[in-house]
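Reader: I'm new to this one and would like a close look at a single part. Could you take me through the sheet slowly, and then show me a little of what else is there?

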Amino acid sequence: MSTYKLPKKLCNELDGVVIRFLWSPKKLSNKCYTLMAWKDLCLPFEQGGLGFRSYESFNETMIAKLAWGACKLVGSEDSILVWNKPWIPGLPNFKPVPKASLDIIPCLTVTQLMNEAKSHWNQNMLSSLFDQDTILAIQNIPRWRVNQQDRWIWLKTYTREFSVKSAFRKACQVDLGIEVNAVMKKIWQTQLHQRLKMLLWRIAAGVLPTSDSLIRFLPNLEISCPFCNVCDESLIHLLWECSITRAIWFGLSGICSDHFQLACSVDLVKVIVFPCADLIDALDVDSFILKGALILDLLWKARNNKVHGKGFLEAGKLMLDFGRIWRDHSAILKTPSINNGADHRTVKWEHPHDGVFKINCDVAVGYHFSSIAVVARDWRENMVFAFTRKVNTIIPLQVEVEAIIWAGHLVIFHGFSAVIIETDCRQCV
Ligand SMILES: [Zn+2]
């Protein structure tokens, strides 16, 4: 792929595999409803896409990389041919322009343009061969070390190392003029779970399969709102303007959604990810974003349950269930306003007395499982062992206790006689 141009048909077929997986992962048939054009999905995250790489552009990127950004770094070897290799940053294609009416010697190497010690350029030689711009550009080449190797460098990254990402960005340069979409960018910067980020993106991009967007593909679709059965279902109506939805927003977060006139679905996500100060109330911003995203998730799930599942909606039960969901998620967020019992002050590690081992326990609470880590050091601060493992609980206190119990087992296994077990969870102590 980095050497040959792939046929367009093959690239399209490969793109098709990704598209089918994205929109219809469970179905084998070729037919799927695509609510967003492939070229828009290939835009970077901050421009509203999902950063997919179309095979054709990617193939072109790989092939054209030498012309865009790869250049020979001049050393004191004689591997660079003056007229054939790209070696002068700042010139088109990094190649020199000969002086008018010059007879070019094809095998001339760059080291032959240097003085005998290979420490500086031979100015007379430069003047006799190149036009003025080329001479200036050559003189701007950073000084090489004697015995430095000639090698390829990539001028599009700070480190001068080639990266496919930088080459692909270069290939998509046509898109860089598009105004960076602050809302889209913010979605991916939040501390939310990837699933909730994806939900916010789908709302902002207008690709949730509500009736008003599916009607293009399914003309006989029932389009009334499944919550109120009064208005037509649109994304904004369902998640913000419907009377049932308004009650849920107010009941769960105190937000009066009728105070906000939303022009498009991006505005809805904007209210959540860039909340105004009086909306946040007692929460910090991260907790507010989490709560807003969870309410949207709750509404979308309730809608799908009503349309595809049980066929009824109990707003009161939904709101009761939300209390549990909110507690679980906010505990994981570990924001300062939510104390899960762990003391997160930075505490300096203190030496135990001679002959005593010290075990430190730490945990990372996840959405589906958690990880615990146990590190043992001796009184000289030498590490004796460090282990991590997965535990099947997401309740923070339980995870902390699991870590301490595991530390106890490891102490017995290693036969330590004098031990201190240290945890940052106050409730466990
Ligand atoms: Zn409604």
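Author: Start with the hairpin that β3 and β4 form, with 4 residues between them. Keep in mind as you look that this is a predicted model. The two strands of that hairpin run antiparallel, and 8 bridges join them. If you want one pair to find by eye, take I359: its bridge partner in β4 is A376.

Now follow the chain onward from β4. Another hairpin comes up here, made by β4 and β5, with 5 residues between them. Have a look at E381 in that turn, since its phi is positive, at about 80°. Strand β4 covers residues 370-377, and its pairing with β5 is antiparallel too, over 8 bridges. On this side, a handy pair to pick out is I372, which stands opposite R389 in β5.

Put those pieces together and you get the sheet. It is an open one of 4 strands, in the order β5-β4-β3-β6, and its pairing is mixed. At the edges sit β5 (383-391) and β6 (419-422), each of which pairs on one side only. From one strand to the next, the twist averages 15°.

It's worth staying with β4 a bit longer and asking where its side chains go. In a regular strand, side chains alternate between the two faces of the sheet. You can see that along β4: S370, I372, V374 and A376 point to one face and are buried. S371, A373, V375 and R377 point to the other face, and these are not buried. So what lies across the sheet? Helix α16, residues 396-414, lies across β3 (357-365), β4, β5 and β6, and it runs at about 150° to β3.

That's the sheet; now step back for a moment. The protein chain has 16 helices and 6 strands. Of its 429 residues, 21% count as buried. If you take the contacts with a separation of 6 or more, residues 24 or more positions apart account for 60% of them.

With helices in view, how do some of them pack against each other? Two packed helices are described by the angle between their axes and the distance between the axes. Take helix α7 (residues 182-189) and helix α12 (residues 265-273): they pack at an angle of about 50°, with their axes 10 Å apart. That angle makes α7 oblique to α12. The crossing of α7 past α12 is left-handed. On the α7 side the contact is made by V183, K186 and I187, and on the α12 side by V266, V269, K270 and V273. Sorted by class, that contact has 5 nonpolar residues, no polar ones and 2 charged ones.

Another pair to look at is helix α11 (residues 243-253) with helix α15 (residues 315-333). Their axes come within 11 Å and cross at roughly 30°. This crossing, of α11 and α15, is right-handed. From α11, the contact uses I244, A247, I248, G251 and L252; from α15, it uses A315, L318, M319 and F322. Here the residues divide into 8 nonpolar, 1 polar and no charged.

One lysine deserves a stop along the way. K291 is found in helix α14, residues 285-308. Is it buried or exposed? K291 is buried, because 23 other C-beta atoms lie within 10 Å, and the cut-off for buried is 20 or more. Leaving out residues up to four places away in sequence, K291 touches S253, L283 and W326. K291 and S330 are 39 residues apart in sequence, yet C-alpha to C-alpha they are 8.3 Å apart in space.

Finally, two spots in loops, both about phi. Most residues other than glycine have a negative phi. S101 is not a glycine, yet its phi is positive, near 60°. You'll find S101 in the loop between β1 (70-73) and α4 (123-129). It is exposed, with 5 other C-beta atoms within 10 Å. N229 is not a glycine either, and it has a positive phi of about 60°. N229 sits in the loop between α9 (211-214) and α10 (235-241). With 10 C-beta neighbours inside 10 Å, N229 counts as exposed.

How values were computed. Residues are numbered from 1 along each chain as its sequence is written. This is a predicted model: local features need pLDDT of at least 70, side-chain atom pairs count only at pLDDT 80 or more; totals for chains, interfaces and linings use all residues. Two strands pair if DSSP finds at least two bridges between them. Axes are lines fitted to C-alpha atoms, for helices over the stretch in contact, and angles run from 0 to 180 degrees between N-to-C directions. Two residues are in contact if their C-beta atoms, placed from the backbone, lie within 7 Å. Angles under 35 degrees count as roughly parallel, over 145 as roughly antiparallel, 65 to 115 as roughly perpendicular and the rest as oblique. A crossing is left-handed if the near helix is turned anticlockwise from the far one by less than a right angle, and right-handed if clockwise. Ala, Val, Leu, Ile, Met, Phe, Trp, Tyr, Cys and Pro count as nonpolar, Asp, Glu, Lys and Arg as charged, and the others, Gly among them, as polar. A residue is buried if 20 or more other C-beta atoms lie within 10 Å of its own, exposed if 12 or fewer, and partly exposed in between; C-beta atoms are placed from the backbone.
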